[in-house]
Amino acid sequence: MVRTLKKKKVVEEMGRMKIKLNRIESLRERSSKYSKRKKGLFKKAEEVALLCDCEIILIVVSPTDKPTLFHTRSKSFSKIYERYCMLSLQEREERCDLSDLYIII
């Protein structure tokens with residue numbers, strides 16, 4: 001929170017704050033949060049695909065081990081996956097950037 005004084009008035013401004021991410025212990029809360037976040041993730045993927053004219057595949061597995069598949073509407077899952085499989089193993093590893101991947105246990 002930033003406070004600035006302007007002509008004897010105190011103005012408070014709230015910015016985005018980083019929060020610490022931890023595993024949600026309550027199964028009910030975790031399930032609810034998962035559902036909301038999954039919808040948001042799919043919405044963002046759809047936006048990126050539309051804006052950047054790219055193809056996206058997402059496989060998300062729920063806390064109850066139910067997989068959900070998302071792929072862009074422009075092409076089928078199998079067509080996109082075939083293109084990925086045509087890359088050599090070395091190219092796949094180069095394209096798979098895990099530097100920003102965090103696993104919280």
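Rings of Phe, Tyr and Trp (its six-membered ring) pair if their centres lie within 6.5 Å. With that in mind, F77, Y81 and Y84 form one aromatic cluster in this predicted model.

**Aromatic pairs**

There are three aromatic pairs in the structure. A good one to look at is F42 with F70: the ring centres are 5.2 Å apart and the planes meet at 20°, so this pair is stacked, since planes under 30 degrees apart count that way. The two residues come from distant parts of the chain, with F42 in helix α1 (residues 27–52) and F70 in strand β4 (residues 67–71), 28 residues apart. Are these two residues buried or exposed? Both F42 and F70 are buried.

**Salt bridges**

Let us turn to the charged side chains. The structure holds four salt bridges, including the three in this table.

| Acidic residue | Basic residue | N to O distance |
|---|---|---|
| E47 | K44 | 3.8 Å |
| E46 | R73 | 3.7 Å |
| E55 | R83 | 2.6 Å |

Where do E47 and K44 lie? Both are in helix α1, three residues apart, which is about one turn of the helix. E47 is partly exposed at a relative accessible area of 31%, while K44 is exposed at 53%.

The salt bridge between R73 and E46 reaches across the sequence: R73 sits in the loop between β4 and α2 (77–85) and E46 in helix α1, so the pair ties together parts that are 27 residues apart. R73 counts as exposed, with 74% relative accessibility, whereas E46 is partly exposed at 31%.

E55 and R83 also form a salt bridge. Here E55 belongs to the loop between α1 and β3 and R83 to helix α2, so this pair ties together parts 28 residues apart in sequence. E55 has 27% relative accessibility and counts as partly exposed.

**Around strands β3 and β4**

S62 is placed in the loop between β3 (57–61) and β4. Why does S62 count as buried? Its relative accessibility is 9%, and buried means under 20%. The side chain of S62 also joins that of T64 through a polar contact of 2.9 Å.

Finally, have a look at the surface. I59, V61 and L69 make a nonpolar patch of about 290 Å² there. One of these residues, L69, is in strand β4, and with a relative accessible area of 44% L69 is partly exposed.

Conventions: Residues are numbered from 1 along each chain as its sequence is written. This is a predicted model: local features need pLDDT of at least 70, side-chain atom pairs count only at pLDDT 80 or more; totals for chains, interfaces and linings use all residues. Side-chain values use heavy atoms; hydrogens and water are left out. Rings of Phe, Tyr and Trp (its six-membered ring) pair if their centres lie within 6.5 Å; planes under 30 degrees apart count as stacked, over 60 as edge-to-face and the rest as tilted. Helices (H or I, at least four residues) and strands (E, at least two) are DSSP runs, numbered from the N terminus. Buried means under 20% relative accessible area, exposed over 50%, partly exposed in between (1.4 Å probe, protein chains only). A polar contact is a pair of N or O atoms within 3.5 Å; within protein, one must be able to donate a hydrogen and the other to accept it, and residues adjacent in sequence count only if both atoms are side-chain atoms. Patches are made of residues with over 30% relative accessible area and no salt bridge: like charges are joined within 9 Å, nonpolar side chains (Val, Leu, Ile, Met, Phe, Trp, Tyr) within 5 Å. Accessible areas come from the Shrake-Rupley method with a 1.4 Å probe; for residues, only the protein chains shown count as cover.
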